[in-house]
Every structure is written in structure tokens, then in C-alpha cells.
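User: Could you take a close look at the ligand site for me, and then walk me through how the rest of the chain is put together around it? Plain bench talk is fine.

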Amino acid sequence: MGDMRKPIPLATPTMHGDELKFVQEAFDRNWIAPLGFNCDGLEKEMCDYLYKDLDKECHALSLVSCTSALHLAVKLAGVKRGDIVLCSDMTFAATVNPVSYEGGVQVYVDSEEETWNMDPVALEKAFQKYPEAKVVVLAHLYGTPSKMDEILEVCERHNAILIEDAAEALSATYHGRQCGTFGKYNAISFNGNKIITTSGGGMLLTESKEDRDKAFFWATQSREPAPWYQHEEIGYNYRMSNVVAGIGRGQLLHLDEHRDLKEKIYRRYEEGLKGLPVKMNPYLKDTKPNFWLSCMIIDEGCEVDPMTVINKLAEDKIDSRPIWKPMHMQPIFKDNDFISVGEKSVGEDVFSRGLCLPSDIKMTEEEQERVISVIKSCFEV
Ligand SMILES: *Cc1c(COP(=O)(O)O)cnc(C)c1O
């Protein structure tokens, strides 16, 4: 009978039909190329969404991915071969790989326990050890805003440029301000598993028109203004297609709705898992996460291991996943320095006890009950 059960995915795209109208227009006007009215529209609408309550300029650039946006951000920040860049440790590798594209060297900064994001105290410690560091790359894990006041204070005191990776945190707010507006350079993702998607894509956001123009130049093969192809710098093909930008415009109309559904899922887990030796992923009370992925962490001292729960869920065709493995534990970064405050790394601890739960907004209450009951069964003795 177990085999008749419907699989429950971690997070998949949710389309509404509005996307097709914008895509249809691209077809009708035979505008099937990078650049175009949907890219322009998506950039403007994203600025309106993120910066509407801010008295700041917004210049956005739609790109093939968030990874490419982060790469251009690292270039704009001036990272050169051998430069130290202070980076979030517990994140997805795409946050930090672009530093390597430019020859920079990541120093990883441990998480704190209240949001699982970069610990501002560890960041200060990293600056003490590497006073020459001029760039910080910060991610908001699972859609939970970082301790931005403290992070910004440390960055300002050390004159460092902040690059904000808001790939997972679109529509999350910190003291009412949208994630993706705090950095000098900000990156968001429209990858298929994110809160809204274009099937694949990303965006760079900055307050500087000049920087946006420079990023545009690099993203379009660094073509100099000349009648022939003239090049003075290495370029990239990073522009988003006008077709997929249409998907993004349709999705953006549903972003707040997606966020509210994500929160409902989190609340149901919170309620349903009460009484078990587990906690949900934490956030600061005066912030509003987007609850992109609901996660749980098993209490210290409890015998149950995350992989046991993950395997048990998989037997029931339920997709869950370990916490993103911290970068300082990755073989590729074994020679990179890691700065943590206590004896024990918070990131390692969360990785050893946590897991990500199905958070697809199309999951029904009954399906989520199924997930919760399998989790409960793992803790029965
Ligand atoms: C998904 C993700 C990225 C990469 O986004 P793409 O659009 O797939 O390149 C970067 N950082 C974080 C934290 C992510 O979760």
C-alpha cells in the first residue's frame, strides 16, 4: 500500500497562468532573445517590490542565474587574485564559488544560533585576523534574515563592501526592510526550487547606475562601443532571455501569496511536532522570514540522527534533505580558514542535528500530516 502513496517533494515550481501571458507576448512580438521588454519589466517590477519603502535608487539587471549575479557582484567589489573575502559558512556553494572565479580566497565565518546565519561576533573576529579584508559575502539561509544591524555595523566599521546573497530570502524582511536591499550589491535567484522561479535565472540589484551599467557590459561579452567587435576586457554571456523573464513577471504577481503559504507550512510543522525533542529553524522575533524551507533540529542528546529521519521519510516517498553542509567542511575548501567564536562550530552542530522538511506550497494539509506522522514514528521507542 505504501507504494500507492503520492510522492511529496521538497519544493517545486508553482505556476499560475499569468506567466504565460507575458511569455505569449514575447512570442507574439517575436522577441525571443536576451534583453527585451520582459527583462526591462521584471527589473522595474522587482525594484518596485523590494525598494518601494526605501528612499534609495534601485538599478536591477536580470541574468541567467543568481550565481552569475554574485560573480558580477564580486567583480564590482573589486576582488582580485589573492584577496581575502569573508563569507557565510553555512550556505549553498553558489554563494561562495564566484569568489574563486576571480581568484579571491574565502575565509569562512561561523553561524550564530539565533538565525543560523553569519555570526556578527565571528565576523568581527575575522576582521581582527584579516584587517585587509574589504568584502563580505552574506547569505540568508532558508529565507531567514540575518542579524543585519550588527552585520552592517561591523562592515561599516571596517570599511568593507557587503554582498548580499538573498537567493533564498526573496520577500523576507528585517525590521520591515526587504532582504536583497542591504548590500552594496545584492543577488536574488529564480531557480526552479526558489520561492518564485523563471525556470532558471537571477538578478543583480544595486543603488548605483554606474555599477549596473558596468555589470551589463560584462554580462554582454564586454563589447566596446565600436562598429566592429572590440574588446578591452574579458566578457560573459550572462543575460536573461526575454522569454523566461516573462515567467518571472507572472510569478512576481504571486510572490506574497507564496510567502504566506510557506509560513502556513512552517506553522503546521511547529504545531504538529510539538512534544517531540525537536525545534523548528529559529528566527528573530522582529523579522519576517519567507519560510522558503521549513527545517527542524533534533535536541542535543537525543539518540535520533537526521539521516534516520530522512531515510524513513524516503521510504514513504517523502523528500527531505540534510542541512546545507558548511563550506569549511567541504573537501574543496579544506585549506580555507574558518573563524568561529566558541570552541564548537555552530554550523557543524546544526548540520549534525538538522534537516530540511518538505515545503512545497502545493502540499495539502493531509500530505503534511503524513510527513508529521512519519517524523513522529522516528521518535517512538
Ligand atoms: C540557489 C542559491 C544560489 C544560486 O542560485 P542560482 O540562481 O541557481 O544560480 C545561491 N545562493 C544560495 C544561498 C542559493 O540557495
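Analyst: Let's fix one word before anything else: "buried" means under 20% relative accessible area, "exposed" means over 50%, and "partly exposed" is in between, with a 1.4 Å probe and protein chains only as cover. By that yardstick, 59% of the 381 residues of the chain count as buried. Keep in mind that this is a predicted model, where local features need pLDDT of at least 70, side-chain atom pairs count only at pLDDT 80 or more, and totals for chains, interfaces and linings use all residues. Residues are numbered from 1 along each chain as its sequence is written, and side-chain values use heavy atoms, leaving out hydrogens and water.

Now the ligand site. The ligand is surrounded by 14 residues, where being near it takes a heavy atom within 4 Å. The closest are Thr67, Asp165, Glu168, Ser189 and Lys194. Sorted by class, that shell has 4 nonpolar, 7 polar and 3 charged residues. The classes work like this: Ala, Val, Leu, Ile, Met, Phe, Trp, Tyr, Cys and Pro are nonpolar, Asp, Glu, Lys and Arg are charged, and the others, Gly among them, are polar.

Some atom-to-atom distances are worth finding on your screen. The side chain of Thr67 has an N or O atom 2.5 Å from a ligand oxygen, and the side chain of Glu168 also puts an N or O atom 2.5 Å from an oxygen atom of the ligand. Cys66 joins in through its backbone, with an N or O atom 2.9 Å from a ligand oxygen. How much of the ligand's 380 Å² does the protein bury? The answer is 92% of what the ligand exposes taken alone, with areas from the Shrake-Rupley method and a 1.4 Å probe.

Stepping back to the fold, the chain has 12 helices and 15 strands. These are DSSP runs numbered from the N terminus: H or I over at least four residues for helices, E over at least two for strands.

Strand β4 (residues 135-139) is a good one to click on. All 5 of its 5 residues are buried, so β4 is largely enclosed by the rest of the structure. Val135, Val137 and Ala139 point one way, while Val136 and Leu138 point the other. β4 runs parallel to β2 (residues 84-88), with 3 bridges between them; two strands count as paired if DSSP finds at least two bridges. Val85 sits opposite Val135 there. β4 also runs parallel to β5 (residues 161-165), this time over 5 bridges, and Val136 has Leu162 as its bridge partner.

There are open antiparallel sheets to look at too. One has 3 strands in the order β7-β6-β11. Its edges are β7 (177-178) and β11 (287-288), each with a single partner strand, so one side of each has no neighbour in the sheet. β6 (residues 173-174) pairs with β7 over 2 bridges, and Thr173 stands opposite Gln178. Another sheet has 4 strands, ordered β10-β12-β15-β13, with antiparallel pairing. Within it, 3 bridges link β12 (residues 295-298) to β15 (residues 354-356), with Ile297 partnered by Gly354.

Definitions and conventions:
A polar contact is a pair of N or O atoms within 3.5 Å; within protein, one must be able to donate a hydrogen and the other to accept it, and residues adjacent in sequence count only if both atoms are side-chain atoms.
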